[in-house]
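Me: I'm new to this structure and would like a close look at one part of it. Please pick one residue to start from, then work outward and explain your terms as you go.

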Amino acid sequence: VVCLPANAENVDPGGDDSRYAWAENLGWMNLQPGGAGGAGMQVGDAELSGWVWAENAGWISLSCKNTLSCDAVDYGVLNDGNGVLAGYAWAENLGWINFSPSTSGVLVDPSTGEFSGYAWAENAGWISFASSGAVAYGVVTAWVCVPSPAAPVDPPSLEVSDLDGDDLLSWTMVAEATGADIVRGDLGSLRG
């Protein structure tokens, strides 16, 4: 599987405001508060980083790396590489936000980048990342994982022949191939 993160923040790649989460006791949370290319949440293969803005709670840090506090308090929101989020975010005015509470959790669809599910904050309640209700909203990221192409059914055949003292390699191309790579060296290096 190949995961494709974007540079800088990678929320709302379509520019259609797919950057808002909602907490019943807190209101709107903006996961791209700096606008396109500005400050906001970054979704990566292993973790979320950056900041979220909540009008009624202030800044929410998604990683202790933001505040250089990892030696004192190690926290962060992790991505298992398949879009299953776990761990905690921190807000000075809100406390801990759990992205994987026992009765719910937050997911990122690895094929579309769409968030779903709920996080839990003791001082704000449930935080929803998508709804198709009366007021539709959701969070979308440019981070997606696409399946690797299947192995070829008919592997290429390789032929080595002598051409005036030099080795000549020739092979058949796999139908789906757009190019070929050659590795040279001794067998020990090739195995490595």
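Reply: Let's start at Phe99. Leaving out residues up to four places away in sequence, Phe99 touches Leu62, Val77, Leu85, Ala86, Gly87, Ala89, Gly105, Val106, Ala119 and Phe129. Touching, or contact, here means heavy atoms within 4.5 Å.

Before going on, a word on the ground rules. This is a predicted model, where local features need pLDDT of at least 70 and side-chain atom pairs count only at pLDDT 80 or more, while totals for chains, interfaces and linings use all residues. Residues are numbered from 1 along each chain as its sequence is written, and side-chain values use heavy atoms, with hydrogens and water left out.

Back to Phe99, then. Phe99 is among the residues with the most contacts inside the largest nonpolar core, along with Met29 and Phe129, and that core has 32 residues. A nonpolar core is a set of buried Ala, Val, Leu, Ile, Met, Phe, Trp, Tyr and Cys residues joined through side-chain atoms within 4.5 Å. As for "buried", that's under 20% relative accessible area; exposed is over 50%, and partly exposed is in between (1.4 Å probe, protein chains only). Several strands feed this core: those giving two or more residues are S2 (20–23), S4 (41–43), S5 (48–54), S8 (85–91), S10 (105–108) and S11 (115–121). Strands (E, at least two residues) and helices (H or I, at least four) are DSSP runs, numbered from the N terminus.

Now let's move to Leu26, in the loop between S2 and strand S3 (27–30). Leu26 is buried, at 7% relative accessibility. Setting aside residues up to four places away in sequence, Leu26 touches Ala54, Asn56, Ala57, Leu94 and Ala124. Its C-alpha atom is also 8.6 Å from that of Ile127, although the two residues are 101 apart along the chain.

Asn79 is another spot worth zooming in on. You'll find Asn79 in strand S7 (residues 77–79), and with a relative accessible area of 5% it is buried. The side chain of Asn79 has a polar atom 2.9 Å from the backbone oxygen of Gly44, and a polar atom of that side chain also lies 2.9 Å from the backbone nitrogen of Gly81. Not counting neighbours within four places in sequence, Asn79 contacts Val43, Gly44, Asp45, Ala46, Glu47, Val84, Leu85 and Trp143.

Glu47 from that list takes us to the charged pairs. Side chains of opposite charge can pair when their charged atoms come close. The structure holds two salt bridges, each a side-chain nitrogen of Lys or Arg within 4 Å of a carboxyl oxygen of Asp or Glu. In one of them, Lys65 meets Glu47 at 3.0 Å, N to O. That pair links distant parts of the chain: Lys65 sits in helix H1 (residues 64–67), Glu47 in the loop between S4 and S5, 18 residues apart. Glu47 is partly exposed, at 28% relative accessibility. Asp17 and Arg19 also form a salt bridge, at 3.2 Å, N to O; Asp17 is partly exposed at 43%, whereas Arg19 is buried at 14%.

There is one disulfide too, meaning a pair of cysteine sulfur atoms within 2.5 Å. It joins Cys64 and Cys70, with the sulfur atoms 1.9 Å apart. The torsion about that S-S bond is about 95 degrees, so the disulfide is right-handed. Cys64 is buried at 2%, but Cys70 is partly exposed at 28%.

Last come the rings. The structure holds twelve aromatic pairs. Rings of Phe, Tyr and Trp (its six-membered ring) pair if their centres lie within 6.5 Å, and planes under 30 degrees apart count as stacked, over 60 as edge-to-face and the rest as tilted. Tyr88 and Trp96 have ring centres 6.1 Å apart and planes at 80 degrees, so they are edge-to-face. Tyr88 is partly exposed at 39%, and Trp96 is partly exposed at 37%. Tyr118 and Trp126, with centres 6.2 Å apart and planes at 80 degrees, are likewise edge-to-face. Here Tyr118 is partly exposed at 39% and Trp126 is partly exposed at 36%. Finally, Tyr20, Trp22, Trp28 and Tyr137 form one aromatic cluster.

Technical notes
Polar contact = N/O pair within 3.5 Å; in protein donor to acceptor, adjacent residues only side chain to side chain.
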